[in-house]
Amino acid sequence: MVPSLMTECQIGIQGLQPITLEPITGPQFTSSVEGMGVNGSRRACSCSLGVGPGQGPLLRFPLAPGRLPAGVGGEVRAAGPIPFVSRLPGHALSVPSAGSPGGRLALRWGVVSLCLSAALHDALLAPASAFTWEVKANSRTYNSQFKKNSFLCWQRQKYKSNVIYTAKYNVFSFLPLNLYEQFCRISNLYFLFIIILQGFPEISTLPWFTLFAPLMCLLIIRATRDLVDDIGRHRSDRIVNNRPCQILVGRRFLWKKWANLRVGDVVCLHRDNIVPADLLLLASTEPSSLCYVETTDIDGETNLKFRQAPLVTHLQLTNIRSMASFQGKVVCEEPNSRLHHFVGCLEWDGRKHPLDSGNVLLRGCRVRNTDACYGMVIYAGFDTKIMKNCGKIHLKRTKIDHLMNRLVMLIFVSLVLISMALSFGFWFKVKEFKAKHHYVSSKHLYSAATETFLIFWGFLVLLSTMVPMAMFILVEFIYLGNSIFINWDMQMYYAPQDEPAKARSTSLNDQLGQVEYIFSDKTGTLTQNIMTFKKCCIGGVIYGPDEEEETPHKENPYLWNKFADGKFLYRNAKLMRAVRDSEDEMVQEFWRLLAICHTVMVQEKDNQLVYQAASPDEEALVTAARNFGYVFLARTQDSITVMELGEERVYQVLAMMDFNSIRKRMSVLVRNPEGSIYLYTKGADVVIFERLHKKGMKEWTTEEALACFAQQTLRTLCLAYKEVDEGVYQEWCQRHQEASILLQNRAHALHQVYEEMEQGLQLLGATAIEDRLQDGVCDTIKCLRQGRIKVWVLTGDKQETAVNIGFACHLLSESMLILEEKDIVRILEAYWETNNNEPGGKGRRKKRFLPQVKMAMVISGEFLDQLLLSLRKEPRALVHKVNMDGDESWQEPDEQKTDFLRARRISLVWRALGIQLRSTGLAPQVTDSHTSESPEVRRERAFVELASRCQAVICCRATPKQKALTVALVKKYQRVVTLAIGDGANDTNMIKTADIGVGLAGQEGAQAAQNSDYVLARFCFLKRLLLVHGRWSYMRVCKFLRYFIYKSVACTMVQIWFAFYSGFSAQPLYEGWFLGFFNLLYSTLPVLYIGLFEQDVSAERSLELPELYVAGQKDELFNYWVFLQALTHGTVTSLVNFFVTLWVSHDSAGPVSFSDYQSFAVVVAMSGLLSITMEVILTIRC
């Protein structure tokens, strides 16, 4: 029996991510080999490793045809052991030959190269077809040789410059593009058509300039508005493109503009600089060439992240001269929008070095805690990942605008039919007239058919006032007036920043009253991102803030501590005495744990300690320990230095057990200066209490305190510790070492090892931190939900933080069933199974089957990638699978126990819910195999139906493009008005995609505000913007349109009745001057009053009754039925005015008679004016 040659091995081949061989044993065995190709696609084949008599190990790669060049394949034999050579000098490993003892092969270094024959090695290293992005350092000549097809046979530079343009127009495109956008409105095309008809004297019943002048006025007003908005974008672009940066030119770094950057350039960045393009980090002044960056503008997170230069550049690029001679070439994937993904390799001096997202600085990051760093531009300008996520500016149109387009078409068709009917009347009349009055036939130069044809067009021009040009001109002034009211509203003025509300778009005000979905960012939008230490419980004793905290303190209780943070507001004299007396061991260990168990980084600035934490809550806890005398001073890779009540102590770090969403806890194993070993753990109350040595009165008291903290929406953590024997530690250390070097299932093995150590803990207490929401957020969300507006939170932050904020702002509650990704997958499967088994036409159920369960949904950006396949513009092969990471596939034991019952409950819930959806016609019906709807579309539709039934949806770890695609998904399947609100550059794509974009003006809000339709200073102002200004604008515009249609019909229909008495000759009843002044003068002020000042209820009442907002969501105030009512009302008014006047003037004579044509026309006109004036008096509510 031949012993095991290899248990586990991970092979990293240049150009590929590590390839894994499954555990294999025996003299002949086969294993699957799978790797990540250079373009992000999977490569797979089988690998046979066998031993024959007198042979060394045999490695066989039967690869699929087309994978390798011709002639490469078959098998590769080795005379002896197969060497595995590490990339780092001095680390070489080999597979034992057949006769050597077997055993576990542990590769300490994860990335190794497999020495194969030259042909096979080169073939495996060959990049895939998508790896066509080649950038050479310090060589603009080399990089400029790459071209790409632009239009037909024309070619342009493949690599873009670093100049960006977010504006919609330029000098040459403004006029044609703006005219195109304006004539996308059916009304403008209609008016242009009528003006053309008026140019023919034979059919013109009105002068051509009577419509031409108003149309030009309308076009100029709208063009000016668009131009002003775009000038602001040009200014913003100019500021960004002119930012300075240091570029390596020759052997010196010179200050240049961002616009001068090109791919391949080497740049130098300093502390607090913004990264100008996507860079490969080459070196930095930090140890190991680390670089700390803040990614607020990219993913919304304010915590620091670190990036590291490749080892080869860190070691060799140590001065400017070496950087100037650097000629490395980066071969990587084409530009794409995946912010957290990058695959490539650095070719330099004949060797290839792997690159990933950890080596790249993205445009928009800000360098922190790093004096200087150096990078090579890989992507520039619009090729950068943040610009790929920014999206384009879309022409936004309101629901009423779309409805008016359809109504104009309907009116035009109606006018064509009426004109045809009247022209047929003329055809019969003219034949009779010619027969009776042949002596005036010289007046009729054309045949009856020709004259009928001309009369048809004459009637069409005569009745064209049914769609009045003045209505579209006045509505622009109404939009402008309502926008000014928003700007003037002092209730939305934020004095600390001197920031009023701004309506940057004047054409969307009415749509503010119809919003059904709000998509909100979290960091900086809902929260201030400020964590405050509020309370703690130590040994069962609760220490809350002293009552005097609300009043100015006469003496600072932290003056004795020179390291204390003056901004720390928590004060408790009793706790301070317990700390300084050093008598209570529980209190000492509590603060010692907070000073040791964390991942905070520290630096000294102006003789003050400055903490930089991965999350704000960690910083708050370490700052609290600092003020109570346990000061975190420094950390190295294997030590933590703490100043404990004036005594400096150095703790040796033996193991760091990281926090993640599965473990829900973090632990650190340290050796104190006395040589004792302690384990310090902090985490969620559930996981800590399960691992306690015993539960007594102290534990029960702490549980009650945690429940009290939770009711106050405070974020809680439990703290525990234990002393570890030296022998126990040595045994555990061996198992930990073995688990940490595994190349497969490492995460699972480490979880099990951590679980062994984190048992038998002694509870210390709990902390309570307040995550500062912006003022009024909870009340705003409550009011919006009462107005039937759904709020979704889309954030780049981690899930735990997003969920905590959801509870803090009352989007989530303990009574809700919170659906996670695995639950959603099961639900959708059960939904489609039920839907397919019971066709939509059968099995109808009553509403009593709808489960009375409040649901919420928590998903991630990766999960969205699986749902948004039909909306993405990138290849499907590049989309990652959900939950492929080993960390996510492993669960805590207690979670596994309840998983089946939870899945069954959710499945039954959705089965019942699916029945209700079908009974209400909301669910997609079963279709045959010939349906044109793809599986992706069906899955998207089912997901949106599920999400729409949830009380709240929270999406975490979402990229800017995923945020925008989520908005597009809801717009696509729900056909509702959406609003997106955010404060950073990572929200601009979402803001552009939504029907209404709101930018918050703040520290990170410049780009969001510049790309938004409305600018607010705080999220709480959104309540007044929608419930007051939005509802008022919608109500005013609807009343304005209804009244204008009524008065236009009342005036115009008289022309039709007059045609019956004028021989259908298209003779106008009114004088031309009356038609011109009717809409622009005689009836202007009443309609302007309706559109600008009409209020059904006051602003205070609107806020007290959010339910009034539902009318706009249901389109109750202006729809086809309201239009038909206005049409009928106008027709009846015209009938009364015309025929009553005709009846009164019948057979009358004398000086007071108005039976002549002109007098009759004047009386009818005055009657019409009086009628519509009385109507407006009844319509306006004072």
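A salt bridge is here a side-chain nitrogen of Lys or Arg within 4 Å of a carboxyl oxygen of Asp or Glu. By that criterion, a search of the whole structure, which is a predicted model, finds 45 salt bridges. Three of the pairs are set out below.

| Pair | Closest N to O distance |
|---|---|
| Glu134 and Lys329 | 3.6 Å |
| Arg715 and Asp617 | 3.5 Å |
| Arg649 and Glu647 | 3.9 Å |

The salt bridge between the side chains of Glu134 and Lys329 links distant parts of the chain, since Glu134 belongs to strand E10 (residues 133-136) and Lys329 to strand E19 (residues 329-332), 195 residues apart. Glu134 counts as partly exposed because its relative accessibility is 22%, where buried would require a value under 20%.

Arg715 and Asp617 also meet through their side chains in a salt bridge, at 3.5 Å from N to O. Arg715 lies in strand E36 (residues 715-724) and Asp617 in helix H15 (residues 616-627), so this pair ties together a strand and a helix through residues that are 98 apart in sequence. Both Arg715 and Asp617 are buried.

In the salt bridge of Arg649 with Glu647, the closest N and O atoms are 3.9 Å apart. Arg649 counts as buried because its relative accessibility is 10%, whereas Glu647, at 45% relative accessibility, counts as partly exposed. Arg649 and Glu647 also belong to one network, in which salt bridges that share partners join them with Glu589, Arg592, Glu644 and Glu674.

Methods
Residues are numbered from 1 along each chain as its sequence is written. This is a predicted model: local features need pLDDT of at least 70, side-chain atom pairs count only at pLDDT 80 or more; totals for chains, interfaces and linings use all residues. Side-chain values use heavy atoms; hydrogens and water are left out. Helices (H or I, at least four residues) and strands (E, at least two) are DSSP runs, numbered from the N terminus. Buried means under 20% relative accessible area, exposed over 50%, partly exposed in between (1.4 Å probe, protein chains only).
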